[in-house]
Amino acid sequence: QVQLVESGGGLVQAGGSLRLSCAASGRTFSSYAMAWFRQAPGKEREFVADISRGGGITSYADSVKGRFTISRDNAQNTVTLQMNSLKPEDTAVYSCAARSISGVEYGYWGQGTQVTVSS
């Protein structure tokens with residue numbers, strides 16, 4: 001199993017940047033694919049970005065492509081989401097998630113961190 005704790009959220013003006021981090025417990029972090037999701041008030045949770053176990057493959061939602069970058073450090077058991085050129089519509093609770101090798105879905109979730117972008 002893996003436990004996830006996010007940090008780095010906050011309030012930022014439109015056009016600004018934030019860097020979210022997700023710290024994972026356990027010695028098998030590199031065996032998990034990782035992702036970031038977000039949920040805005042009154043909306044369903046949506047996919048933001050994901051990264052393969054080794055970090056060589058990433059994918060992004062169209063809404064954040066070119067502005068957000070996901071990365072991971074398997075030695076430090078962390079996954080990071082660098083968010084640039086933030087827009088008010090990026091306001092949401094951001095959560096990191098882990099999917100095991102045998103898993104079909106993301107089965108492990110952090111508690112989330114609030115990101116608020118003011119116009």
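**Figure 1. Strands β1 and β3 run antiparallel, joined by four bridges.** Strand β1 covers residues 4-7. Strands here are DSSP runs of E with at least two residues, and helices are runs of H or I with at least four; both are numbered from the N terminus. Two strands pair if DSSP finds at least two bridges between them. In this pairing, Glu 6 stands opposite Cys 22 of β3. This is a predicted model, in which local features need pLDDT of at least 70 and side-chain atom pairs count only at pLDDT 80 or more, while totals for chains, interfaces and linings use all residues. Residues are numbered from 1 along each chain as its sequence is written, and side-chain values use heavy atoms, leaving out hydrogens and water.

**Figure 2. Strand β3 has a covered face and an uncovered face.** The strand spans residues 18-24. Which residues make up its covered face? They are Leu 18, Leu 20, Cys 22 and Ala 24. The uncovered face holds Arg 19, Ser 21 and Ala 23.

**Figure 3. Six bridges join β3 to β8.** Strand β8 covers residues 78-83 and runs antiparallel to β3. Ser 21 stands opposite Thr 80. Cys 22 stands opposite Val 79. Look back at the two faces: Cys 22 belongs to the covered one, and Ser 21 to the uncovered one. Cys 22 also has Glu 6 opposite.

**Figure 4. Strands β7 and β8 form a hairpin.** Strand β7 covers residues 68-73. Six bridges join β7 to β8, and the two run antiparallel. Asp 73 stands opposite Thr 78 of β8. Four residues lie between the two strands. One residue of the turn is Asn 77, in the loop between β7 and β8. Its phi is near 55°, a positive value in a residue other than glycine. Is Asn 77 buried or exposed? Asn 77 is buried, with a relative accessible area of 16%. Buried means under 20% relative accessible area, exposed means over 50%, and partly exposed lies in between (1.4 Å probe, protein chains only).

**Figure 5. Ser 85 has a positive phi although it is not a glycine.** The angle is about 50°. Ser 85 sits in the loop between β8 and β9. Its relative accessible area is 42%, so Ser 85 is partly exposed.

**Figure 6. Ser 95 is a buried residue of strand β9.** The strand covers residues 92-99. Ser 95 counts as buried because its relative accessible area is 12%. What does Ser 95 touch, leaving aside its neighbours within four places in sequence? Its contacts (heavy atoms within 4.5 Å) are Glu 6, Ala 35, Trp 36, Phe 37, Trp 109, Gly 110, Gln 111 and Gly 112.

**Figure 7. Gly 110 lies in the loop between β10 and β11.** Strand β10 covers residues 108-109, and β11 covers 113-118. At 15% relative accessibility, Gly 110 is buried. Gly 110 and Leu 4 are 106 residues apart along the chain, yet their C-alpha atoms are separated by 4.6 Å. Not counting residues up to four places away in sequence, Gly 110 touches Leu 4, Glu 6, Ser 95 and Cys 96.

**Figure 8. Gln 114 is partly exposed and sits in strand β11.** Its relative accessible area is 38%. Which residues does Gln 114 contact, leaving aside neighbours within four places in sequence? They are Gly 9, Gly 10, Thr 91, Ala 92 and Val 93. From Gln 114 to Leu 11, the C-alpha distance is 8.3 Å, across 103 residues of sequence.

**Figure 9. The whole chain has eleven strands and zero helices.** Its 119 residues have a radius of gyration of 13 Å, which agrees with the value near 14 Å for a compact globule. This radius is taken over C-alpha atoms, and the globule rule is 2.2 Å times the number of residues to the power 0.38. The C-alpha atoms fill a box of roughly 40 × 25 × 25 Å along the principal axes. Of the residues, 40% count as buried. Among contacts with a separation of 6 or more, 55% come from residues 24 or more positions apart.
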